[in-house]
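Work through the exercises below with the sequence and coordinates open. Each task is followed by a worked solution.

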Amino acid sequence: MTGTPDNSFGFRAVAPDERRARIRRVFKGVAPRYDLMNDLMSFGLHRLWKRWLIAAVAPQPGEKIVDLAGGTGDVGAGLAGPDRCVAVCDPSVAMMEAGRKRALAHLQWIAGEAESLPFAENSLDGLTISFGIRNVTRLRDALAEMHRVLKPGGRAFCLEFSKPAAWLAPFYNLFSFQVIPRLGALVANQPEAYAYLVESIQRFPNQEELAALFRDAGFSRVTYRNFSFGIVCLHIGRK
């Protein structure tokens, strides 16, 4: 059976409720410098990865789309338009408040958790989640909820860090464990938060394992595409 990170916080074993509380504290702490840290950690590549995600979604007039764990709204803003309904849904009010200050057009903000989405069954045309699914408390429950709220034929798009190519892994791991926590200390004054983020990537299911979890949740025609030699992967599943 594919493993999930539900009983861990980074490399530490914790109960799911404690995992949830710790992750909420992480994102409350990093919210003010979150976008800057993303630019520094990825050398700006996260913007390109998210543009590829938005291009894959290709939102159409009249569609209802939710960007789950949408944080400060960068993906939501790319999906939004005057002829469609796009909302950011995130459990971190601090992250969404940081996004609201940017006054992004045609974008709604809704507080909610992945395991209990505040949307009706069969109500959404599309659902995206970028770099957030590894932070849910119960991964299988979150995927089941994503499937529940989509209309038949609707699609879920999941952009997440994954397992890089073997030749790249040693360099990637060195950067992740030695550089990113130090950046977190210098720029965001949150070294422990960014140590957790690195560890959470290491523990998260790889490309094939996450695809299997999508299928277990009821998604069909599940595909994935690696970006940057597998550092990041886009999974797509249809209801």
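**Exercise 1.** In the hairpin of strand 8 and strand 9, find the residue that takes a positive phi, and describe how the strands pair.

Solution. The model is a predicted one.
- Step 1: the hairpin has 4 residues between strand 8 and strand 9, and Ser228 takes a positive phi near 50° there.
- Step 2: strand 8 covers residues 220-227 and strand 9 covers residues 232-238; the two run antiparallel and are joined by 6 bridges.
- Step 3: for one residue pair in this ladder, take Tyr224, whose bridge partner in strand 9 is His235.

**Exercise 2.** Locate the residues that UniProt gives as "binding site", and decide whether they are scattered or gathered.

Solution.
- Step 1: the unreviewed UniProt entry places this feature at Thr72, Asp90 and Ser130.
- Step 2: these positions span 59 residues in sequence, but no two of their C-alpha atoms are more than 11.7 Å apart, so they gather at one spot.

**Exercise 3.** Is Thr72 buried or exposed? Treat Ser130 in the same way and list its contacts beyond the neighbours within four places in sequence.

Solution.
- Step 1: Thr72 belongs to the loop between strand 3 (64-68) and helix 4 (74-79).
- Step 2: the relative accessible area of Thr72 is 2%. Buried means under 20%, so Thr72 is buried.
- Step 3: Ser130 is part of strand 6, residues 124-130. With a relative accessible area of 9%, Ser130 is buried.
- Step 4: outside the excluded neighbours, Ser130 is in contact with Lys50, Leu53, Leu68, Ala69, Val75 and Leu159.

Technical notes:
Residues numbered from 1 in each chain as written. Predicted model: local features only at pLDDT ≥ 70, side-chain atom pairs only at ≥ 80, totals over all residues. Heavy atoms only, no water. UniProt positions renumbered as here; feature names shortened; annotations may be inferred. Buried < 20%, exposed > 50% of the residue type's maximum accessible area, 1.4 Å probe, protein only. Contact = heavy atoms within 4.5 Å. Pairing = 2+ DSSP bridges.
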